Amino acid sequence: MSEAVASPLLLEDGRGIPRSLPLLAALVEAEARSCAAAAAAAAANASESRPADSGLARAFLCCCATTTASRPAESNLVRSFRGGAAPKVPIRIFLERIHLLTRSVPSARGMVRIDGTCFVLAGIYLTRFIRSAAGRDAGILVEPATVHRLVAVAVLLAAKFGGHPPKKWTRVFQDSSEGAIRAEEMVGLESSFLRAIDFRLSVDSAGFDSFCKVLERGPRAPSAGGGCASKKRQADGAAGEDGERRRVRARLPLPAVVLSN
């Protein structure tokens with residue numbers, strides 16, 4: 001990889017935290033907030049369009065609207081990454097705990113020390129997962145309900161691919177999430193993640209350097225399109241326009257056939 005691009009992100013602070021860790025945390029936290037805001041806006045619009053109801057009915061309808069807006073029909077993939085409980089720990093603290101706790105977990109080659117490269121790779125794997133055919137078909141998003149498990153598996157795979165697999169790795173995620181992510185969940189989540197990205201864990205120097213630049217730029221400002229859901233809405237809109245064009249073509253008369261003498 002290009003040292004000129006990669007080395008600044010791999011530098012560590014006084015606690016041994018690489019610079020790539022908070023940059024990755026900022027990126028995924030911004031995406032999760034964007035998704036939460038889009039879901040809240042959709043829920044508000046849905047509730048405003050309804051007639052006045054009693055307080056109890058209104059509370060129930062609001063709850064349903066929020067659930068519908070933030071949770072499309074759940075596939076097994078979405079359901080597994082939402083899990084039973086969403087950790088309340090901020091992503092940066094979650095990643096810092098993982099980073100520091102792994103130092104106390106023995107591995108086959110002594111003490112594990114995850115470096116800054118791991119968090120760059122984790123970001124690349126997470127991007128591949130969200131953009132994968134399986135991820136798009138499932139409609140899975142980096143949202144508050146999924147972000148910790150998605151990041152946890154991405155970091156796990158990055159550490160394994162980087163040659164730092166601790167023996168009791170899954171316990172680290174349980175402790176870092178204050179018990180919200182159960183240790184026994186991680187095997188199934190890892191398998192689902194790997195199948196979704198078609199086991200593509202290799203990253204060339206150009207890809208690594210490119211994602212380093214993404215981390216350096218930081219989160220993009222929220223767009224008028226509504227954050228993480230805007231691409232899905234654009235795709236749905238394009239599909240609708242395409243369908244309308246097909247319907248219009250179906251209504252048009254057949255072109256005249258000119259026969260030559």
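Buried residues make up 39% of the 261 residues in this chain, and do keep in mind that we are looking at a predicted model. As for the contacts, take those with a separation of 6 or more: 80% of them join residues 24 or more positions apart.

Now, the secondary structure. We have 12 helices and two strands. If you walk along the sequence, the order reads α-α-α-α-α-β-β-α-α-α-α-α-α-α.

I'd like to spend most of my time on helix H8, residues 147–161. Let's start with its packing against H6, which covers residues 116–131. The two axes are 8 Å apart, at an angle of about 125 degrees. An angle like that falls outside the 65 to 115 range for roughly perpendicular and is not over 145 either, so H6 and H8 count as oblique to each other. The crossing of H6 past H8 is right-handed.

Who makes that contact? On the H6 side you'll find Cys118, Phe119, Leu121, Ala122, Tyr125, Leu126, Phe129 and Ile130. H8 answers with Leu150, Val151, Ala154, Val155, Leu157, Ala158, Ala159 and Phe161. Sorted by type, the contact of H6 with H8 has 16 nonpolar residues, no polar ones and no charged ones.

Let me stay with one of those residues for a moment. Cysteine 118 has a relative accessible area of 4%, and because the cut-off for buried is under 20%, cysteine 118 is buried. Further along the chain, cysteine 212 is at 0% relative accessibility, so that one counts as buried too. And how many disulfides does a search of the whole structure find? Zero.

Back to H8, this time with helix H5, residues 91–101. Here the axes are 11 Å apart and the angle is about 30 degrees. Since angles under 35 degrees count as roughly parallel, that is how H5 lies relative to H8. H5, too, passes H8 in a right-handed crossing.

The residues involved are Ile91, Phe94, Leu95 and Ile98 from H5, together with Val147, His148, Val151, Ala152 and Val155 from H8. This contact of H5 with H8 divides into eight nonpolar residues, one polar and no charged.

If you have the structure open, try picking out Val151 and Val155 on H8. Both are in the contact with H5, and both turn up again in the contact with H6.

So that's the tour of H8: an oblique packing with H6 and a roughly parallel one with H5. Thanks for listening, everyone!

Methods: Residues are numbered from 1 along each chain as its sequence is written. This is a predicted model: local features need pLDDT of at least 70, side-chain atom pairs count only at pLDDT 80 or more; totals for chains, interfaces and linings use all residues. Side-chain values use heavy atoms; hydrogens and water are left out. Axes are lines fitted to C-alpha atoms, for helices over the stretch in contact, and angles run from 0 to 180 degrees between N-to-C directions. Helices (H or I, at least four residues) and strands (E, at least two) are DSSP runs, numbered from the N terminus. A crossing is left-handed if the near helix is turned anticlockwise from the far one by less than a right angle, and right-handed if clockwise. Contact means heavy atoms within 4.5 Å. Ala, Val, Leu, Ile, Met, Phe, Trp, Tyr, Cys and Pro count as nonpolar, Asp, Glu, Lys and Arg as charged, and the others, Gly among them, as polar. A disulfide is a pair of cysteine sulfur atoms within 2.5 Å. Buried means under 20% relative accessible area, exposed over 50%, partly exposed in between (1.4 Å probe, protein chains only).
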